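Please open the structure in your viewer and keep the selection box ready. We will go from stop to stop, and at each one you will hear what to pick and what is there.

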Amino acid sequence: MTDLLTASDVLLMQELAQRVTAVRQDLVNSDAAYGELAWNWGKGHAAQGASWVRRLWFAGDDLVAWGWAQLPRSVRLNDGSVKDVTGAYLAYQVHPDHAALVDEVIDWFDATADGLERTVLPGAADEFGLERWAAHGYGPDPDSLGDTGSWTQLNERDLEVLETPVLPDGFRFRTAAEAGPEAAVQSHVDAWGVTAYTLESYEGVRATPAYRGDLHFLVEAPDGTMAASTIMWLDEANKTAEFEPVGTHPGYRRLGLGRAMLLHGMDRARAAGATHATVACLGAPGHPSARGLYFSVGFSEISRDVPLLKPA
């Protein structure tokens, strides 16, 4: 069945992400992770949800595959400009016990986005899935695979031993509840620049059942600016906490704020029951900064995405 994506669908999709994580974490591509689903749905559904269609596949009562097609739309950015998205993008997940369903997912996407340029991000570890995408006419996306390309890698570390976070004098950790919604939104906008993220986006994020205000951290500068921020998403079933997003104000970079915030977040996630943490970043050689930051606090790569394209 094809329909617009709903909040209840996202809960089912997150539950499938938890089951796949439990057996083959390397098959969880970046936009199908437990936290990523909550983040992407929460921040965008109010403004863009009318262009999000989905299909769900069940085995008995269990969701075993899904496709989320993001169709052409206009996205209003915070600088007043409008970005027109003309192609179609697919987020999807198939449980490894039902791998053959990937052909049905592909057929559904091709029918739903007929006549459009189509992009998708399967995982490099999904050899069967990659074969099926190729058989349906999908090939490597050259723009995404270059030295400054947009492919992502997932990184992980355990939380058994953590360094003590150290902030520069006058800086302090805050939770989003302490800082307030406006400051939480501004910290994200400051870090990411021209973006579609607004107070409405944040209210959508906060309304997702997976969001926890005690795991949404900021670093406050001496002048009151929220100089860095991150949200952690706790998957209690797998005792894993995912950072998404992570950002630092350009005027406060190279002060160690991001590193301290990550260590603080991992300590708080461990106190909440997590034994592992994950974070995704751009993997191409031309994007070393985030990867270097995450590796400096003990993360290492466990999987990566393979950007594929099918021309209109």
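The tour below goes from a hairpin to a sheet, then to some backbone details and ring pairs. Keep in mind that this is a predicted model.

**Stop 1: a hairpin**

Begin by selecting residues 73-76, which form strand β4. Which of its residues are on the covered face, and which on the uncovered one? Arg73 and Val75 make up the covered face, while Ser74 and Arg76 sit on the uncovered one. This fits the general rule that side chains in a regular strand alternate between the two faces of the sheet.

Now add residues 82-85, strand β5, which pairs with β4 in the antiparallel sense through 4 bridges. Look across from Val75 and you will find Lys83 of β5. The hairpin has 5 residues between its strands, and Gly80 there has a positive phi near 90 degrees.

**Stop 2: an annotated span and its sheet**

Next, select residues 171-312, where UniProt, in an unreviewed entry, places the feature "domain: N-acetyltransferase". Helix makes up 34% of this span and strand 30%, and its end C-alpha atoms are 51 Å apart.

For the sheet, colour the strands in the order β10-β11-β12-β13-β14-β9-β15: these 7 strands form an open sheet with mixed pairing. At its edges are β10 (172-175) and β15 (300-304), each of which pairs on one side only. On average, neighbouring strands of this sheet are turned by 30 degrees against each other, ignoring direction.

Zoom in on β13 (residues 240-248) and β14 (residues 276-282), which run parallel and are joined by 4 bridges. Here Phe243 is opposite Val279 of β14. Then show helix α10 (residues 288-296), lying across β9 (152-158), β13, β14 and β15. Its direction is at about 160 degrees to that of β14.

**Stop 3: backbone details around β13**

Stay with β13 and pick Pro245, which is in this strand. What is the peptide bond from Glu244 to Pro245, cis or trans? That bond is cis, with omega near 0 degrees.

Now select Lys239, in the loop between β12 (226-235) and β13. Lys239 is not a glycine, yet its phi is positive, near 55 degrees. Its relative accessibility is 45%, so Lys239 counts as partly exposed.

Move on to Arg254, in the loop between β13 and α9 (257-271). Another residue other than glycine with a positive phi, Arg254 has a value near 65 degrees. With 86% relative accessibility, Arg254 counts as exposed.

**Stop 4: aromatic rings**

Finally, show the aromatic side chains; the structure holds 10 aromatic pairs. Select Trp41 and Trp52: the ring centres are 6.1 Å apart and the planes are at 50 degrees, so this pair is tilted. Trp41 belongs to helix α2 (residues 34-48) and Trp52 to strand β2 (residues 52-59), so the pair ties together parts that are 11 residues apart in sequence. Buried or exposed, what are Trp41 and Trp52? Both are buried. Add Trp68 to the selection to see a cluster, in which ring pairs link Trp41, Trp52 and Trp68.

The last pair to pick is Phe171 and Tyr252. Their ring centres lie 6.2 Å apart with planes at 80 degrees, so the pair is edge-to-face. Phe171 is in the loop between β9 and β10 and Tyr252 in the loop between β13 and α9, so this pair ties together parts 81 residues apart in sequence. Phe171 and Tyr252 are buried.

Note on methods: Residues are numbered from 1 along each chain as its sequence is written. This is a predicted model: local features need pLDDT of at least 70, side-chain atom pairs count only at pLDDT 80 or more; totals for chains, interfaces and linings use all residues. Side-chain values use heavy atoms; hydrogens and water are left out. Buried means under 20% relative accessible area, exposed over 50%, partly exposed in between (1.4 Å probe, protein chains only). Helices (H or I, at least four residues) and strands (E, at least two) are DSSP runs, numbered from the N terminus. Two strands pair if DSSP finds at least two bridges between them. UniProt positions are given in the numbering used here, feature names are shortened, and annotations may be inferred rather than shown by experiment. Axes are lines fitted to C-alpha atoms, for helices over the stretch in contact, and angles run from 0 to 180 degrees between N-to-C directions. Contact means heavy atoms within 4.5 Å. Rings of Phe, Tyr and Trp (its six-membered ring) pair if their centres lie within 6.5 Å; planes under 30 degrees apart count as stacked, over 60 as edge-to-face and the rest as tilted.
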